[in-house]
Amino acid sequence: MTFSPASRMIDDALLIDADVLTQALPYIDYQNHHLTIDGVPADELCQTYGTPLYVYSKRALLDKYAEYCHGFANINHRICYAVKTNSNLAVLKTLAQAGAGFDIVSKGELARVLQVTDGKKVVYSGVGKTKEDIAFALEADIDCFNVEAISELDLINQVAQELGKTARISLRINPDVDAKTHPYISTGMKDNKFGISHEQAVASYLHASSLPNLHIKGIDCHIGSQLLDTQGFSDALDKIIELIDALKAHGITLEHIDLGGGLGVRYIDENPASIAEYAQTLLPRLQALGLTLYLEPGRSLVANSGVLLTRVDVLKPTEFKNFAVVDASMSELIRPALYEAVMAIIPANNEHQDNPKVWDIVGSVCESSDVLGKNRLLDIKVGDTLAITGAGAYGFTMASNYNSRPRPAEVMVDDGKHRLIRQRETLDDLWKGEFA
């Protein structure tokens, strides 16, 4: 890994310059050495709601959504937020009120979205849709199914026929493009489980056109997540355009092209392409197509709108390692354990950072993989608050009750104000629905 001035290696320790990092994340700032999140002091949030605590900036979320709308303003488009990234109702409602559509992958996600908008704003992705899932989506009159297997076409047609409905569909094509990302978040190569192969695409569309209760609406692809440059997107678009031309030759015309999501974000010192650069790369070819563009961003909308605040409970220096045990863990934030993700960890008070030591920031879950950050150069003491930035995406939404830990509260901040958007779970919540 290479490091920009925002971070650097000192004796194998990762030193993050918090002041430089906050310049890259405009919703967080230090005021008189105290971290604030969209104008709200982190200390105030911890005192009010406790820790660990997820905090999201409404302003940061809306600013990113506006960047997408501005970048693709010259063509008809719909920004369909990937609900799996962060499914809190307040986040969904904020985006719905801004005009967003939604990309879902389960019946439960659809049920959530229906709390804040109607089904016509929804595209339904996912590799394992059941008969019950499809019926629920048809009754909600969703905009489109992104179909991931030929057998799924037959199942959707069958359910639609039984309900006396016509299902709008798009085929998700696997273009076999290497997104050059972590293998767990690569989705567009031939050995991934997602989508219909490029070679089977035309035959699959011809089959779909023969089914009486299907209406072919679009074509879809998604090649992976946390892509830092635009080359993969460009390559995938070229392959999809080839298929669109081939489909025209068979008399199949489309209404929209869905290029999925996957644009990367800065966690520490990454240098991802901007939304504007992404748009500039794709727009000339998209304008020539004349189709409505669907996009399914998730991480790039919400990751850097959120932080996870956590308290240092135990300092455990040893002969080989110094461990700082915090009250967050892999149960609250699994990305470092699952994806080997490296996320910035900065102090909520940076006034005294004159005598730093190298610490592994760990949780108290009984797993050696419960490490939130390795080799961090920090001056910390018991009781201090740390902020893990970039936590708005795949944070709470992937949290669990492992080790019977109640899940944390979630808060939204907006221009100096804050409100609770999910209560902290209690011990009683841990066995709700169980029977002894």
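Where does UniProt place the feature "binding site"? The unreviewed entry lists Gly262, Glu296, Pro297, Gly298, Arg299 and Tyr394. The structure examined here is a predicted model. Two of the annotated residues, Glu296 and Arg299, are described below.

Glu296 sits in a loop. This loop runs between strand 15 (292–295) and helix 11 (299–302). Glu296 has a relative accessibility of 4% and therefore counts as buried, since the cut-off is under 20%. Its surroundings are drawn from several parts of the sequence. Leaving out residues up to four places away, Glu296 touches Cys80, Ala82, Asp103, Val123, Ser125, Asn146, Asp220, His222, Asp258, Gly260 and Gly261. With Asn146 there is also a polar contact, side chain to side chain, at 3.1 Å. Arg299 belongs to helix 11. Arg299 counts as buried because its relative accessibility is 4%.

Helix packing was examined next. Two packed helices are described by the angle between their axes and the distance between the axes. For helix 7 (residues 150–163) and helix 8 (residues 201–209), the angle is about 10 degrees and the axes are 10 Å apart. The two helices are therefore roughly parallel to each other, as the angle is under 35 degrees. Helix 7 contributes Ile150, Leu153 and Asp154 to the contact. Helix 8 contributes Ser204, His207 and Ala208. By class, three of these residues are nonpolar, two are polar and one is charged.

Asn213 follows in the loop between helix 8 and strand 13 (214–220). Its relative accessible area is 14%, so Asn213 is buried. A polar atom of the Asn213 side chain lies 2.9 Å from the backbone oxygen of Lys165. Lys165 is also among the residues in contact with Asn213 once neighbours within four places are set aside. The others are Asn157, Ala160, Gln161, Thr166 and Ala167.

Helix 4 (residues 89–98) was examined at both ends and along its length. At its start, a side-chain oxygen of Asn88 comes within 2.8 Å of the backbone nitrogen of Ala90. Ala90 is itself one of the buried residues of helix 4. The others are Val91, Leu92, Thr94, Leu95 and Ala96. An α-helix has 3.6 residues a turn, so residues three or four places apart point the same way. After helix 4 comes Gly99, with a positive phi near 105 degrees.

Definitions and conventions
Residues numbered from 1 in each chain as written. Predicted model: local features only at pLDDT ≥ 70, side-chain atom pairs only at ≥ 80, totals over all residues. Heavy atoms only, no water. UniProt positions renumbered as here; feature names shortened; annotations may be inferred. Helix = DSSP H or I, 4+ residues; strand = E, 2+ residues; numbered from the N terminus. Buried < 20%, exposed > 50% of the residue type's maximum accessible area, 1.4 Å probe, protein only. Contact = heavy atoms within 4.5 Å. Polar contact = N/O pair within 3.5 Å; in protein donor to acceptor, adjacent residues only side chain to side chain. Axes fitted to C-alpha atoms, helices over the stretch in contact; angles between N-to-C directions. Parallel < 35°, antiparallel > 145°, perpendicular 65-115°, else oblique. Nonpolar A, V, L, I, M, F, W, Y, C, P; charged D, E, K, R; others polar.
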